[in-house]
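Visitor: I am new to this structure. Would you kindly choose a single part and describe it closely, in one connected account?

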Amino acid sequence: MSQTKPLLIELGTEELPPKALDTLARAFFDGVVAGLQQHSFDMGDVSSARLYCSPRRLAVYLPAVAAEQPTLASEVLGPAVNVGLDTAGQPTPALRGFASKNGVEPAQLERIATDKGERFVHRSTRPGQPLASLLGQIVEEALKGLPVPRPMRWADHDYSFVRPAHWLVLLHGDTVLPASLLGLESGRLSRGHRFMHPEAVSIASADSWLEQLRSAYVLADPVERRQRVSEQVHAAALPSGGKARLSEELLAEIANLTEWPVAIACAFDREFLEVPAEALVTTMETNQKFVPIFDGAAGRLSEHFIGVANIESRDPAEIRKGYERVIRPRFADAKFFWDEDLKTPLADYQPALAKVTYQQSLGSLWDKTVRVAELARIIAGRTGVDAGAATRAASLSKCDLLSRMVGEFPELQGVMGRYYAQRHGESDEVALALDEYYRPRFAGDAIASERIGQILAVADRLDTLAGIFAVGLKPSGNKDPFALRRTALGLARTLIESGLSIDLPATLIEALELIPEQALAAGLKPAKDKPQPSLDAGLRRQQLALELFEFVQERLRGYYAEQGFSTAAFDAVVAVRRPDLVDFDRRLRAISSFAGSPAAASLVAAHKRVGNILRKSTETEVAAGTSTLRPELFESPAESALADVLAKLRHDNAERLREADYVAVLERLALLQGPVDGFFDEVMVNADDPEVRANRLALLEQLQDQLLAVADISRL
């Protein structure tokens, strides 16, 4: 076996995009490992391999990689012996061609017995190629596989990469492996910190690289760098008496902007605290990558913040001054926007919404607002919520989009609507709804906390889905430019988690009825040379509503899978097509609990058997669902026993179904196990007498009705 040594691959570049760095590093690591595996290089325990990255480098370290491939044995089957030799025992053209293709004479071929008779075979061994001759190709393929949407070109080169590349280190143990990539020749010269150690760093071996870079003020391990940032930020916040708010996203971005992070405690003028905290925090985190500090006791934003420098300065006070100087004009702008926006009541923006196009066929933002307000009124009225408050919130829901603050910070939409509504005398429930109806804003985010916000969230998403589907812009493949999958999941989550019971297909039709006729027509795009047949608008809405309902329901598959519900249980509830997602949720939880009960397996098998029998039945009365049970035709006690249990179940479960007590309904199904087993043991359904046969099928129909009362348990 070839000797193994540590392998280091480092590509040095100009500063890489911080938000993409982790993805690039992982893809580079995976590509290198996959390439080595594809070429059969022994790598020992790959779990101890490591990816490294910093703003100026991508690197892969593997602790044990063989110096060459193993010897490769090959066996190629040729023609059958009776085909390869003629009657005189001489090689035929087929055998000579096979031998020539493999570079040998026919006499050098061996014979092997196979299940299809004796055949010629060419056996050979090929020594493995050295790592030095293949590593450049492997790394090149790994670089080509990186997710780089907009590669750059530099100088007069023909090649491109995410950023200009400046050095390449390939070390197997302490040996440099030759390669030429992106105009670079591999070597052992790396580079340290751009300012604190600008000299080249000669790497002695793959194992020494990490420590040598640390000595050159570069923390190449992203995990170590994040830990340093976190520790320093929280330590720097302590003297202020507050607590730093360092999100995982901001932590990752700061760590990917620095190679030697140093936290600096700073402060801004307290007068800026008059501006809503969200605006200040947004500009700190998004624009400047600063960490805000909140008052430890009150939980309010304080005038303190933390900046993280990429240098260990001899005069930290100067860096502090620079951070404080750069944040002041940003905060001054925010304060100006806030003060100016307060001069205009939120409702006064409504006329201007008519001048902003929402979507060409769907009209303006005001048109959308009117549709959402009507849906909010309808849903509020049906769910016992103040329709006036819901309509008022809907009518103001898009107004803050025209404010100066949201124009500068789009991520504050809704947040600023709440502040402006509060300042201009709107009720607390309306103001809160303007902010919360955007929730859930991201995966894992909570839904709106209050009813008005929940109704507005539902109404707005219903209009968005109905409108975009109507104009024919629904998602296709992995393309979803309007984020309709996220919109649908937000709609479903809001309904389920808030307990807001509505007939979703019917409400979708109502949403589609508010969509302009020209939008519905725009969605009917004829294929080339195939004119689109005319379709009644009402029928078109019904088809779209069904499609939308299935689209929304399908979003729940992953939602419930994350909670541990099985696909079988999910499909069992989907099969009974419940229009209320709150009811869907209750049924799913009930059937999931029932699936583990002792009676479940027997009843699932029985349900499948019943379904098969009924599907094959040719009895017209059964097929039409009009059959009635005639006890006088029972020929076996098993028939009577099953009929008696079914009658009792129908009576007992009727009230439980009205109360949506599905757990109790399913628990009662356990009573069927004995009678059902007895029926199938003693009764032949397809009796010769047509009346007896029809009566038994009718009994099975009643059994199936009970088994479908909560979900299609045959799918479990």
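Guide: Helices and strands are here DSSP runs, numbered from the N terminus, and a strand has at least two residues. The model is a predicted one, and the part chosen is strand 16, which spans residues 301-309. Because eight of its nine residues are buried, strand 16 is largely enclosed by the rest of the structure; buried here stands for a relative accessible area under 20%.

Strand 16 has pairing partners. One of them is strand 14, residues 262-267, which runs antiparallel to strand 16 with six bridges between the two. Within this pairing, C266 has F305 of strand 16 as its bridge partner. Strand 15, residues 291-295, also pairs with strand 16 in the antiparallel sense, here over three bridges, and F294 is placed opposite L301. Strands 15 and 16 form a hairpin, with five residues between them. In that turn, G299 has a positive phi of about 75°. In general, side chains in a regular strand alternate between the two faces of the sheet.

Strand 16 also contributes to the second largest pocket, whose space is about 350 Å³. The lining of this pocket consists of 23 residues, and those nearest its centre are L273, A277, R300, L301 and S302. Strand 16 supplies four residues, the largest share of the lining. Helix 8 (277-288), strand 15 and helix 14 (415-423), like strand 16, each provide at least two lining residues. Sorted by class, the lining comprises ten nonpolar, seven polar and six charged residues. L301 thus appears in two settings: opposite F294 in the strand pairing, and among the residues nearest the centre of the pocket.

How values were computed:
Residues numbered from 1 in each chain as written. Predicted model: local features only at pLDDT ≥ 70, side-chain atom pairs only at ≥ 80, totals over all residues. Heavy atoms only, no water. Buried < 20%, exposed > 50% of the residue type's maximum accessible area, 1.4 Å probe, protein only. Pairing = 2+ DSSP bridges. 1 Å grid on protein atoms, 1.4 Å probe; cavity = no way out; pocket = protein on both sides within 12 Å on 5 of 7 lines; lining within 4 Å. Points joined across faces, edges and corners; volume = space filled by probe spheres on them. Nonpolar A, V, L, I, M, F, W, Y, C, P; charged D, E, K, R; others polar.
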